[in-house]
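Welcome to a short guided tour. Open your viewer, set it to a cartoon view, and keep the selection box at hand.

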Amino acid sequence: MVRVERVADIHAHTGEGPLWHPNDQQLYWVDIPAGRLYRYDPATDDHEIAYETDGAPLGGYTIEADGALLLFTHGTISRWAPGDDDAEPVASIDADTRFNDVIAGPNGRVFCGTMPGEETLGDLYRLERDGTSTVAIEDVDIANGMGFSGETFYFTESEARRVYAYDYDRATGDLSNERTVIEMPADGAVPDGMTVDEEGCIWSARWNGGRVVRYSPDGEQLDEIELPARKVSSVTFGGPEYSDLYLTTALDDGDRETEGDGAGALFRVPDVDVSGVPEYRSGIALD
């Protein structure tokens, strides 16, 4: 039987972006609108706020090659080293809205999505190592979970209720041959954050669905794990062997009576049947 552990019982408005940091063996995640970066230490079973912006939403982050964190707020990308007081701006993207979900790629690039505005959709940007950026995918209705598996790049468009696959060119960073791998019915549940395990299978979190679902690379549903929170926002693997599954959830503007007893908390499923793989690291402005 699957054991679901509540390891950090915070009431995050929008918990998101969990990543295992192998340097310090801790799990980081964010509360987007609060601009807070949290970390959880499984060795001590303690969690804390590691960094807090000056009020800007923190849409996501990556782990840099040197162990620092690259923080994405509203058009600004900054480097923060664990233990430092301040973050240093290193790049910017002229976007109308805040960032939402980011991922580092095989060659140190970063893909970062933006939210729709009042009259426009969002975009998915590709940030190069020198700090320049280009639009990789235009007009996205909530850019969300991303993952890499070999030469395949996965990308979630939440309001379209689809997860797409692309051929990824490591040399240029170009995406091609778009195809839909997962398409969900309009039943209220929305695909959100995701990760890819060592077998190349997709784990997709379900906002308003109260669960995470595992799919084969061709989109066949294989398994699911339910959580005591309606809004399961993202998922990643962590631990020394990447054998633990960590999941973020959101309270949003509701309360735990309606959103679930664990809404906003960080959860762990220890020793799942398949392990994850270390995420790629970014290398922005390091050369």
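Which residue is the bridge partner of cysteine 112 in β12? Select both strands and look across the pair: the partner is tyrosine 125. Before moving on, note that this is a predicted model, in which local features need pLDDT of at least 70, side-chain atom pairs count only at pLDDT 80 or more, and totals for chains, interfaces and linings use all residues. Residues are numbered from 1 along each chain as its sequence is written, and side-chain values use heavy atoms, with hydrogens and water left out.

**Stop 1: strand β11 and its partners**

Select residues 110-114, which make up strand β11. Helices (H or I, at least four residues) and strands (E, at least two) are DSSP runs, numbered from the N terminus. Five of the five residues of β11 are buried, so the strand is largely enclosed by the rest of the structure. Here buried means under 20% relative accessible area, exposed over 50%, and partly exposed in between, with a 1.4 Å probe and protein chains only.

In a regular strand the side chains alternate between the two faces of the sheet. In β11, Val110, Cys112 and Thr114 are on one side and Phe111 and Gly113 on the other, and both faces are covered.

Now add β12, residues 122-127, which pairs with β11 in the antiparallel sense over four bridges. Two strands count as paired if DSSP finds at least two bridges between them. Then add β10: four bridges join this strand to β11, and the two run antiparallel. Isoleucine 103 stands opposite phenylalanine 111. Between β10 and β11 are five residues of a hairpin, and glycine 108 in the turn has a positive phi of about 90°.

**Stop 2: the sheet with β3**

Next, show β2, β3, β4 and β5, four strands that form an open antiparallel sheet in that order. At the edges are β2 and β5 (46-52), each with a single partner strand, so one side of each is left without a neighbour in the sheet. The twist averages 25° from one strand to the next, where axes are lines fitted to C-alpha atoms (for helices over the stretch in contact) and angles run from 0 to 180 degrees between N-to-C directions.

Zoom in on β3 and β4 (residues 36-41), an antiparallel pair with five bridges. Is valine 30 buried or exposed? Valine 30, in strand β3, is buried, with a relative accessible area of 0%. Opposite valine 30 in β4 is leucine 37. Try a distance label from valine 30 to glutamate 16: the residues are 14 apart in sequence and 5.3 Å apart in space, C-alpha to C-alpha. The contacts of valine 30, leaving out residues up to four places away in sequence, include Thr14, Leu58 and Tyr61; contact means heavy atoms within 4.5 Å.

Stay in β3 and select glutamine 26. Glutamine 26 is buried, with a relative accessible area of 14%. Among the residues that glutamine 26 touches, beyond four places in sequence, are Trp20, Arg39 and Tyr40.

**Stop 3: the largest pocket**

Switch on a surface. The largest pocket has a volume of about 360 Å³. On a 1 Å grid over the protein atoms alone, a pocket is an open set of points with protein on both sides within 12 Å along at least five of seven lines, and lining residues have an atom within 4 Å of a point. Grid points are joined across faces, edges and corners, and the volume is the space filled by probe spheres set on the points.

Of the 32 lining residues, select Pro18, Leu19, Val102, Thr236 and Glu279, the closest to the pocket's centre. Strand β2 gives the most to the lining, with five residues. Other elements that give two or more include β10, β18 and β22 (231-238).

**Stop 4: a second sheet and two aspartates**

Show β18-β19-β20-β21, an open antiparallel sheet of four strands. Its edge strands, β18 (190-196) and β21 (221-226), each pair on one side only. Five bridges join β20 (residues 211-215) to β21, and valine 212 stands opposite isoleucine 225.

Finish with aspartate 139 in strand β13 (residues 133-140). Its phi is near 55°, a positive value in a residue other than glycine, and aspartate 139 is exposed at 51% relative accessible area. Aspartate 271, in the segment after β24 (266-269), has a positive phi near 50° and counts as exposed at 58% relative accessibility.

Conventions:
On a 1 Å grid over the protein atoms alone, a cavity is a set of points where a 1.4 Å probe fits but cannot get out, and a pocket is an open set with protein on both sides within 12 Å along at least five of seven lines; lining residues have an atom within 4 Å of a point.
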